[in-house]
Amino acid sequence: MSRWVLIGGGAALFFVVVILISKRHHIDDEEAHKNRQATTAVLTRKDLKAAELKKAIQPVKKVNSHASALPVFTLYFGVKDSFDRFIFANEGASDSEVTALFSMNAKSMYEAKSAMYAADVFTRYVEYKVALADTDAEIDKVLTVSSESTMTDVTYAGISLSDVEQKLATRDTLRLNYFSQQEYEYLFSADAAIDARALARLAIAQDRDLSREQKRNEIFGQLNALNEQEKAAFQPTLDMEKINQIKQKYVDFESRYHAIAAEFGHQVAERFSALWETQARWQQRVDAYRDYQEYVSASAMKAQAQQDALTTYRQTHFSNTEQKRLRVLVDVNL
């Protein structure tokens, strides 16, 4: 249907042009010749621009009949991420299959000698990853802040600073067993800097001369000083810390709501307002139990009668799950 509409429209346009031409004076031949030249020049420029654009967006994969039309592979910051993406894209393939696939890809992408070097670096990277899995499995778990953690109480309980330092040193030694110093710089220097900062946070957290508040301030000060790319990984933690600061700053729910809404939007403000209201109601029930506990303890009831009275109160006012929470909050602290 659209084809016929186009033809019909073209015919109508043709007749309009004929009528207009019939009413016009005779056009000078030389002027018409110039017009044709100008039109041809415009079309030629458009065609060339389109051809250049097409060439620019196409990846270089074919070797020119003349030797060396392909780019030379050189190391660059981010090459490790490219290697990891290639490994992930071929997930399920064996190590030898992945390295063979990369070698074939490199030959079609880079000049011959540099393609051999690219394949060699990639092969050594795969071998390093295999060796790393046997010696370094726990480092990332230790140095990475969990997305579920708010870091409001940074303790790193059970983590040995000296053990982490030793593991990092072992990993660096392993890296240098597979790569030259220059290759190390391009492949791992960014990660090494991140690990160093994480190790510094661990050292702060385990510094016995600092109070908990001082530890939190120093750790969050370091996180806030990160560049935007590095900070992105910690953004949920930083946002949660800001929300906790708002909670401490404002006592009433309405002020908290407006402060959070201004920073994070109304949806987040609604969620935390509901959460804090629930927490406040729970705290009121806990406080009421404590008051009753003090009342029973001060009474003339015998010890067993006191225990029975408290048990009856808990069973009446709290569910089984809530009673467990209550014992942790109250009974353990008696």
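## A buried salt bridge between α7 and α8

Arg171 has a relative accessibility of 7% and therefore counts as buried, and in this predicted model it forms a salt bridge with Asp195, the closest N and O atoms being 2.0 Å apart. Asp195, at 12% relative accessibility, counts as buried as well. Because Arg171 lies in helix α7 (residues 161-178) and Asp195 in helix α8, the pair ties together parts of the chain that are 24 residues apart in sequence.

Helix α8 also holds Glu183, which counts as buried because its relative accessibility is 6%. Leaving out residues up to four places away in sequence, Glu183 touches Leu75, Tyr117, Val121, Arg124 and Tyr178.

## Overall composition and confidence

The secondary structure of the chain consists of 15 helices and zero strands. Of its 334 residues, 28% are buried, and the chain exposes about 23200 Å², of which carbon and sulfur atoms supply 56%. When contacts between residues at least 6 apart in sequence are considered, 62% of them join residues at least 24 apart.

The average pLDDT of the chain is 77, and 72% of the residues score at least 70. Over residues 31-66 the pLDDT is below 50, and this stretch has twelve contacts in the model beyond near neighbours in sequence. The pLDDT is also below 50 over residues 145-155, a stretch for which the model shows 20 contacts beyond near neighbours in sequence.

## The nonpolar cores

In soluble globular proteins, nonpolar side chains tend to be buried together. The largest nonpolar core of this chain has 22 residues, and those with the most contacts inside it are Phe83, Phe102, Phe122, Tyr128, Phe179, Leu187 and Phe188. Two or more residues of this core are given by each of the elements α3 (79-89), α4 (95-109), α5 (112-135) and α8 (181-205), with the largest share, nine residues, coming from α5.

Phe102 illustrates the contacts made by one of these residues: leaving aside neighbours within four places in sequence, Phe102 is in contact with Phe83, Phe86, Ala118, Ala119 and Phe122. A second, separate core comprises eleven residues, including Met240, Ile243, Ala261 and Trp276.

## Helix α12 and its surroundings

Helix α12 (residues 253-264) has twelve residues, which at 1.5 Å a residue should span 16 Å, and the distance of 16 Å between its end C-alpha atoms agrees with that expectation. Its buried residues are Arg256, Tyr257, Ala259, Ile260 and Ala261, and what covers them includes α11 (235-249) and α13 (266-298). Ala261 is also among the residues of the second core.

After α12 comes Gly265, whose phi is positive, near 100°.

## Further salt bridges

The count of salt bridges in the model comes to 13. Within helix α7, Asp172 forms a salt bridge with Arg175, and the closest N and O atoms are 3.7 Å apart. Because Asp172 and Arg175 are three residues apart in this helix, they are separated by about one helical turn. The two partners differ in their exposure, since Asp172, at 29% relative accessibility, counts as partly exposed, whereas Arg175, at 4%, counts as buried.

Helix α10 (residues 228-231) offers a pair with the same spacing, in that Glu228 and Lys231 are three residues apart and so are separated by about one helical turn. Their closest N and O atoms are 4.0 Å apart in the salt bridge that they form. Glu228 is exposed, with a relative accessible area of 60%, while Lys231 is buried, with a relative accessible area of 13%. Elsewhere in the chain, salt bridges that share partners join Lys80, Asp84, Lys129 and Asp191 into one network.

Terms used:
Residues are numbered from 1 along each chain as its sequence is written. This is a predicted model: local features need pLDDT of at least 70, side-chain atom pairs count only at pLDDT 80 or more; totals for chains, interfaces and linings use all residues. Side-chain values use heavy atoms; hydrogens and water are left out. Helices (H or I, at least four residues) and strands (E, at least two) are DSSP runs, numbered from the N terminus. Buried means under 20% relative accessible area, exposed over 50%, partly exposed in between (1.4 Å probe, protein chains only). Contact means heavy atoms within 4.5 Å. Accessible areas come from the Shrake-Rupley method with a 1.4 Å probe; for residues, only the protein chains shown count as cover. A nonpolar core is a set of buried Ala, Val, Leu, Ile, Met, Phe, Trp, Tyr and Cys residues joined through side-chain atoms within 4.5 Å. The expected span of a helix is 1.5 Å times one less than its number of residues. A salt bridge is a side-chain nitrogen of Lys or Arg within 4 Å of a carboxyl oxygen of Asp or Glu. pLDDT is the predictor's confidence in each residue, from 0 to 100.
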